[in-house]
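Reader: Please show me the model, and then let us go through its backbone details, domains, helices and sheets by question and answer.

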Amino acid sequence: MPNLVRTLIGLALLFAVAQARAQLEIIVTDPGAQRSPIAIVPFANEAAVGTSLTAIVRADLERSGLFRGVEVPPLSPPPTENTPVNYGEWRSRLADALVLGSVVTHRDGRFEVRFRVYDIVKQAPLGAIAYVFTKENVRAAAHRVADFVYERITGEKGVFSTQIAYVVRRGAAYELQIADADGERAQYLLRSNEPIISPVWSPEGRRIAYVSFESKKPVVYVHYLEDRKRQVVASFRGSNSAPAWAPDGKTLAVVLSVDGGSQIFLLNADGSGARRRISNSASIDTEPRFSSDGKWIYFTSDRGGTPQVYRMSATGGEPQRVTFEGSYNVSPRPSPDGRVLAYVTRNAGKFQVALLDLSNRQVQVITDSDRDESPSFAPNGRMILLATVIGGRGVLSAVSADGRIKQRLPFAGGDVREPAWGPFIE
Amino acid sequence: MRAILIAALGSAGLKFTAILAALLLGAACSTTPEDQAAAGVESRTGPGGKPGADTRAVQPPKVAAVDITGKPSASSLAALKDPNNILSKRSIYYDLDKFDVKDEYRSLVEAHAKYLRENPTARMMIQGNTDERGSREYNVSLGQRRSDGVKKMLILLGARENQIETVSLGEEKPQADGHDEGAWSKNRRSDILYGGEY
């Protein structure tokens, strides 16, 4: 519990910086076919917080595409986490799951939310927990509640408390922004008159590496979120691009042209030490990504004549070709569990996101748009965030890994591109 | 301390700064790979400024370095900008998925090679560019292949390797904003810049 309080206070400091002017909005364009009905009864005394905590929880769960909120009439007296549950009554309200809770105001002004989750079908409690939070962190607390509910019901971790990064372009101005996974509380990390591309979160979520063109050429930076400092980590002669974090958080793979061409190198993420070249070809080798176990680096190479995905041992060595169908397969992103590879494939002039099952080699194209880029897995692997172009404007969208649930994230006032989904926040 | 100096002096002063910092801090100063600009940590100003005002904080101000070891003469510098001189032509355009310099640009490249031969202290940056289709990072690599191709030709024509830095802007800096072949053909290009222009 103290850890969580620390986390929430830490988040408050983080959010005290630069609120961005516009925000992402998330619209579920294609909800899941089987959405489980869940009753989230407004928590007793939640009005004391000033923001409806349970409304945020419900919106989170509905956006996942797996749940549908059941309308609950006002109940008197309002039930709390200590109210005995009449399973038959909730069954008759057509709820498969139920959340009951309350908010307590502490003497120091902080709040505590306590709640229980029930499986109405199996007539069994699924667990209970309490979180302490300050008023300005009600959204973060609600996302924690949603994560707990989601995990107890589905058995997998929720991503409602995570953050996303993306680049907004307005005319000649570029902003690297981060926002909550629901698009709220957007803020910018960097504002520049030159392009910014390829943001990637460090494994612990406190740093973002990216490529900035502010020096009239691509240079790789690591940006420290908490103190808003940044460090040049690759500014060698030529181009420096395509950063990727190793799971240890200490090593970055980057693509450098310092030896000629575009080749993959490893660097220490703190800028110390020397570069280590790990690819060795006369062709283009770029877009490295580590598998989550750190053993492999997936990358794009045109060594076979067309750009295809390959992988090699993270220490270097002979690459193996991974994609075979089609003449343009780029931007490989291994899933968090290592079983699936997302990448962008060109189909009859359209760029779409495909998933390759690494065990049975099955390929499934999961989007139907024309210009998809930069797929990014949610840390639980269920959703994939990507950039696309709709009506001539860059927007973000998200699609479930089974292709069934689709969301759009419109953004007022600018082109949005280069999304990157952040890690779980512990 | 060192970091602040670097942020204040900007890229034009990096080498000088590194030397200065080494002198000031002595052995305590961490080492940086020799061909990499020193890793600077920059502080950024907070929000609240006018749009664009913050940007200057991330773009270190340029400092005019004085180099008295032999600069191109004023007349040769003027030639680079003279619209009647072929040296003022700085862009080479490419066919789709092509990286070779077409015959129509041969005289342009030869003129720049001659300039580099005659002005050994002159420095050049070649920026490769692509059209907007496909992966941004893969396009960075494709643009690099274009600028590298121009450099190779300049060296065959007598320019020195250390005079030319080749980089790529990928699809990020289009010359034309459209989304058709008319625009794309203007965006598949290499741009030549001389020292002082970048």
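Reader: In which loop is the place of A:Asn45?
Author: This is a predicted model, in which local features need pLDDT of at least 70, side-chain atom pairs count only at pLDDT 80 or more, and totals for chains, interfaces and linings use all residues. Residues are numbered from 1 along each chain as its sequence is written, while chains are lettered from A and ligands numbered from 1 in the order in which they are written. Helices (H or I, at least four residues) and strands (E, at least two) are DSSP runs numbered from the N terminus, and in these terms A:Asn45 lies in the loop between strand E2 (36-40) and H2 of chain A.

Reader: What is the phi of A:Asn45?
Author: Most residues other than glycine have a negative phi. A:Asn45 is a residue other than glycine with a positive value, and its phi is near 70°.

Reader: Which residues does a cis peptide bond join, and what is omega?
Author: The proline concerned, A:Pro77, is found in the loop between strand E3 (67-69) and helix H3 (87-92) of chain A. The cis bond joins A:Ser76 and A:Pro77, with omega about -5°.

Reader: Which elements give two or more residues to the side of domain 1 of chain A that touches domain 2 of chain A?
Author: Chain A is divided into domain 1 (31-154) and domain 2 (163-421), with bounds from an automatic or database domain assignment, and the domain centres, taken over C-alpha atoms, are separated by 36 Å. Eight residues of domain 1 of chain A are in contact with eight residues of domain 2 of chain A, contact meaning that the C-beta atoms, placed from the backbone, lie within 7 Å. On the side of domain 1 of chain A, the elements giving two or more residues are helix H2 (53-63) and helix H4 (138-154) of chain A.

Reader: How do H2(A) and H4(A) pack, and is H2(A) parallel or oblique to H4(A)?
Author: Axes are lines fitted to C-alpha atoms, for helices over the stretch in contact, and angles run from 0 to 180 degrees between N-to-C directions. The axes of H2(A) and H4(A) are 8 Å apart, at an angle of about 50°. Angles under 35 degrees count as roughly parallel, over 145 as roughly antiparallel, 65 to 115 as roughly perpendicular and the rest as oblique, and therefore H2(A) is oblique to H4(A).

Reader: Which residue in E13(A) does A:Tyr221 stand opposite?
Author: Strand E12 (residues 219-224) and strand E13 (residues 229-234) of chain A run antiparallel and are joined by five bridges, where two strands pair if DSSP finds at least two bridges between them. E12(A) and E13(A) form a hairpin with four residues between them, and A:Arg228 in the turn has a positive phi of about 55°. Opposite A:Tyr221 in E13(A) stands A:Val232.

Reader: Why is one side of E14 and of E17 in chain A left without a neighbour in the sheet?
Author: The open sheet has four strands with antiparallel pairing, in the order E14-E15-E16-E17 (chain A). One side of each is free of a neighbour in the sheet because strand E14 (240-245) and strand E17 (276-277) of chain A stand at the edges, each with a single partner strand.

Reader: Which are the edge strands of the sheet E22-E23-E24-E25 (chain A)?
Author: This open sheet of four strands has antiparallel pairing, and its neighbouring strands are turned by 25° against each other on average, direction ignored. The strands that pair on one side only are strand E22 (329-334) and strand E25 (363-365) of chain A.

Key. Two residues are in contact if their C-beta atoms, placed from the backbone, lie within 7 Å.
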